[in-house]
Amino acid sequence: MNTRLEKERVRKTTLVYAVVMALIVILILFVVQDPKIKAIAIVLILLIGCAAIIVQWLLIGKREQQTEQALEAEASNAPVQSPQTGAPCEVSGQYHCSEHPQRKVAMVEGKRFPPCRGNKKGHSATWILEQ
């Protein structure tokens, strides 16, 4: 996301927060009769509203950085290797034998790969994840 566009969005949100805070303060001034409660309520409203605005301004650009870091981490991951019979499954999904593509198994993460029975007897196999 463009930081300029994000700043514009935060400016608009800040304006909305300010208007809402002003309306709540005006409402408190008319509705609440006790001066102590009125003062406490107004101060709390202003503190909470200002804190929300400050947090928004401090987070500008953070979302973009997190997205970039996630994309870099995803790109740097090594491609998933084809597991052998007996190896634990690291990625759940449908796998097929490299020698017998018609022989398929549904695997769950942590479960061990079985031998292939594609030629009527079991053999050690390399299992390929289907996309």
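Of the 131 residues of the protein chain in this predicted model, 21% count as buried. The exercises below move from the overall layout to individual side chains.

**Exercise 1. Layout of the chain**

Determine how many helices and strands the protein chain has, and in which order the elements run from the N terminus.

Solution. The secondary structure amounts to 3 helices and 3 strands. Read from the N terminus, the order of elements is α-α-α-β-β-β. As for contacts with a separation of 6 or more, 57% of them are accounted for by residues 24 or more positions apart.

**Exercise 2. Packing of α1 and α2**

Classify the mutual orientation of helices α1 and α2, and describe their contact by residue class.

Solution. Step one is the geometry: α1 spans residues 3–31, α2 spans residues 35–58, and the two pack at an angle of about 175 degrees with their axes 10 Å apart. Step two applies the cut-off, by which angles over 145 degrees count as roughly antiparallel. The helices α1 and α2 are therefore roughly antiparallel to each other. Step three concerns the residues: α1 contributes, among others, Val10, Tyr17, Met21, Ile24 and Ile28, and α2 contributes residues including Ile42, Ile45, Leu46, Ile53 and Trp57. By class, this contact of α1 with α2 comprises 15 nonpolar, 4 polar and 4 charged residues.

**Exercise 3. Architecture of the sheet**

Establish the strand order of the sheet and state which strands are its edges.

Solution. The 3 strands form an open sheet in the order β2-β1-β3, with antiparallel pairing. Strands β2 and β3 are the edges, since each pairs on one side only. On average, and with direction ignored, neighbouring strands of this sheet are turned by 35 degrees against each other. Between β1 and β2, which run antiparallel, there are 4 bridges. These two strands form a hairpin, with 6 residues between them.

**Exercise 4. The two faces of β2**

Which side chains of β2 are buried, and to which face do they point?

Solution. A general pattern comes first: in a regular strand, side chains alternate between the two faces of the sheet. In β2, Val105 and Met107 point to one face and are buried, whereas Lys104 and Ala106 point to the other and are not buried. Across the pairing, Val105 of β2 stands opposite Tyr95.

**Exercise 5. The aromatic pair**

Classify the aromatic pair found in the whole structure, and locate its partners.

Solution. The search of the whole structure yields 1 aromatic pair. Its rings belong to Tyr95 and Phe113, with centres 4.9 Å apart and planes at 80 degrees. Planes over 60 degrees apart count as edge-to-face, and the pair of Tyr95 and Phe113 is therefore edge-to-face. Tyr95 is in strand β1 (residues 93–97), while Phe113 is in the loop between β2 (104–107) and β3 (127–129), so the pair ties together parts 18 residues apart in sequence. Both partners are buried: Tyr95 has a relative accessible area of 2%, and Phe113 has 3% relative accessibility.

**Exercise 6. The segment after β3**

Is Gln131 buried or exposed, and how far is Gln131 from Gln94?

Solution. Gln131 lies in the segment after β3. With a relative accessible area of 90%, Gln131 is exposed. Gln131 and Gln94 are 37 residues apart in sequence, and their C-alpha atoms are 8.3 Å apart in space.

Conventions
Residues numbered from 1 in each chain as written. Predicted model: local features only at pLDDT ≥ 70, side-chain atom pairs only at ≥ 80, totals over all residues. Heavy atoms only, no water. Phe/Tyr/Trp six-rings, centres within 6.5 Å; stacked < 30°, edge-to-face > 60°. Buried < 20%, exposed > 50% of the residue type's maximum accessible area, 1.4 Å probe, protein only. Pairing = 2+ DSSP bridges. Axes fitted to C-alpha atoms, helices over the stretch in contact; angles between N-to-C directions. Parallel < 35°, antiparallel > 145°, perpendicular 65-115°, else oblique. Contact = heavy atoms within 4.5 Å. Nonpolar A, V, L, I, M, F, W, Y, C, P; charged D, E, K, R; others polar.
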